[in-house]
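Student: I would like a close look at one part of this model. Please take a single residue as the starting point and work outwards to the elements around it.

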Amino acid sequence: MARPKHGGNLQWAASIAGCSPSAILDFSASINPLGPPQSAVLSIQAQLPWIRDYPDPTYGQVRSRLAQIHAVPPEWILPGNGSAELLTWAGWDLAKLEATYLVTPAFSDYFRALNAFDATVMKCPLNEAGLGVQLAGLDFKAGSVFDHEGQGLSSLDPKFSRCGLLLNNPHNPTGQLLSRAAILPLLKRFELVVIDEAFMDFLPHEQDSLIGDVQQYPNLVILRSLTKFYSVPGLRFGYAIAHPTRLNEWQTRRDPWSVNTFAAAAAEACIQDKAFQTQTFGWLEAARPELFDGLSQFPDLSPLPSVANYFLVKVNGSASNLQHKLLKRHKILIRDCLSFPELGDRYFRVAVRLRAENQRLIQGLADIL
């Protein structure tokens with residue numbers, strides 16, 4: 001079985017560990033271990049009688065709920081079959097421009113969406129000097145991370161006049177956060193700015209989200225996902241927040257009924273589940289620093305502080321070798337970073353899980369390291 005490009009491939013992990021997929025403790029996918037919320041499960045059950053009917057093609061009910069939460073008109077929101085579908089249409093729009101700037105290392109699906117429409121991609125590699133990305137004040141502030149050779153950009157390439165920018169905030173895989181104040185000037189420099197905020201809901205106040213700025217900037221697109229926070233990757237529900245003209249154009253490109261009835265109902269239940277949200281923030285506030293401290297005790301590991309529910313860890317040795325040993329000895333799956341060319345075999349990523357599970361990871365690492 002081929003090595004996966006994404007986390008969460010339990011079949012591949014089980015083939016290495018020699019066990020069933022259900023026996024794998026998965027740290028490779030950054031999914032909330034508390035979910036899915038019971039409210040989502042109950043909402044799906046309640047929709048079973050409607051399986052014989054087509055979904056509402058406008059998704060009016062869930063759009064209205066999202067509009068209330070984000071304080072934007074419903075027509076500024078477009079639900080999608082996961083944020084990956086919406087990223088495809090964003091890639092279409094970005095490819096119309098002369099170039100798209102992309103901070104790397106970057107989620108591989110960004111390249112998939114951009115390459116599908118032959119976009120010209122300008123990589124902005126993070127490096128060890130303050131992370132090395134300088135685009136009108138855009139700069140991560142967490143300190144030294146990468147030793148990949150490559151210069152940050154202090155200005156745009158003069159041969160391109162119409163450019164786009166694709167950002168991930170908080171950044172995956174580093175877990176670093178760009179401030180809203182740092183991003184706002186970029187909206188005046190780029191013709192289109194697409195911000196993937198897939199992990200933003202793990203920040204209780206979301207003060208650095210740019211959703212509140214969308215109505216002032218028709219060149220701004222925000223992508224959000226329910227997958228990580230609510231632990232529903234199998235449902236495939238995401239949404240875009242952008243100018244209605246852009247979203248209406250996306251709607252004409254895609255297949256009808258992109259979101260199924262169960263996903264729409266579960267999404268509506270999830271986003272209103274205040275108890276689950278409070279429980280998640282309480283868990284993460286306690287579990288994240290404990291896992292960071294546990295990883296930091298090993299001389300061969302250097303974890304990077306993170307605002308999200310995962311850590312990027314530099315290892316003194318081969319990360320893929322460590323991954324195989326953890327699977328074979330302890331049935332624990334960590335995410336290798338081979339799909340991030342800038343990171344290669346020197347880094348791995350781990351999700352924050354329940355405290356007892358995090359301790360099991362630390363014990364497994366102690367056995368190997």
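Tutor: What follows starts at Ser28 and moves on to the elements around it.

The model is predicted, and every value below is computed from it. For orientation, the protein chain contains 12 helices and 13 strands. It has 369 residues, of which 56% count as buried. Among its contacts with a separation of 6 or more, 71% are between residues 24 or more positions apart.

Ser28 sits in a loop, with strand 1 (25-26) on one side and helix 2 (38-46) on the other. Is Ser28 buried or exposed? Its relative accessible area is 2%, and the cut-off for buried is under 20%, so Ser28 is buried. Its side chain has a polar contact of 2.5 Å with the side chain of Asp26. Once neighbours within four places in sequence are set aside, the residues in contact with Ser28 are Gly7, Gly8, Leu333, Ile334, Arg335 and Arg349.

Arg335, one of those partners, belongs to strand 12 (residues 335-336). Arg335 counts as buried because its relative accessibility is 8%, against a cut-off of under 20%. The side chain of Arg335 also makes a polar contact, of 2.9 Å, with the side chain of Ser339. Gly7 is another contact of Ser28. Along the chain, Gly7 and Arg335 are 328 residues apart, yet 5.8 Å separates their C-alpha atoms.

Next comes helix 1 (residues 10-17). At its N-terminal end, Asn9 acts as the cap, with a side-chain oxygen 3.4 Å from the backbone nitrogen of Gln11. Within helix 1, the buried residues are Trp12, Ala13, Ala14, Ile16 and Ala17. The elements covering these buried residues include helix 11 (319-330) and strand 11 (332-333). Leu333, also a contact of Ser28, falls within the range of strand 11. After helix 1 comes Gly18, which has a positive phi near 70 degrees.

On the other side of the Ser28 loop is helix 2. How does helix 2 meet helix 9 (residues 261-271)? The two axes come within 8 Å and cross at roughly 145 degrees, and the crossing is right-handed. Helix 2 contributes Ser39, Ala40, Ser43 and Ile44, which meet Phe262, Ala265, Ala266, Ala269 and Cys270 of helix 9. By type, the residues of this contact are 7 nonpolar and 2 polar, with no charged ones.

Helix 9 also packs with helix 3 (residues 60-70), at an angle of about 25 degrees and with the axes 9 Å apart. Angles under 35 degrees count as roughly parallel, and helix 3 and helix 9 are therefore roughly parallel to each other. Their crossing is left-handed. On the helix 3 side the contact is made by Gln61, Val62, Arg65, Leu66 and Ile69, and on the helix 9 side by Ala264, Ala267, Glu268 and Ile271. The residues of this contact divide into 6 nonpolar, 1 polar and 2 charged.

To put the pieces back together, Ser28 is a buried residue in the loop that leads to helix 2, and helix 2 in turn crosses helix 9.

Terms used. Residues numbered from 1 in each chain as written. Predicted model: local features only at pLDDT ≥ 70, side-chain atom pairs only at ≥ 80, totals over all residues. Heavy atoms only, no water. Helix = DSSP H or I, 4+ residues; strand = E, 2+ residues; numbered from the N terminus. Buried < 20%, exposed > 50% of the residue type's maximum accessible area, 1.4 Å probe, protein only. Polar contact = N/O pair within 3.5 Å; in protein donor to acceptor, adjacent residues only side chain to side chain. Contact = heavy atoms within 4.5 Å. Axes fitted to C-alpha atoms, helices over the stretch in contact; angles between N-to-C directions. Left-handed = near helix turned anticlockwise from the far one by under 90°. Nonpolar A, V, L, I, M, F, W, Y, C, P; charged D, E, K, R; others polar. Parallel < 35°, antiparallel > 145°, perpendicular 65-115°, else oblique.
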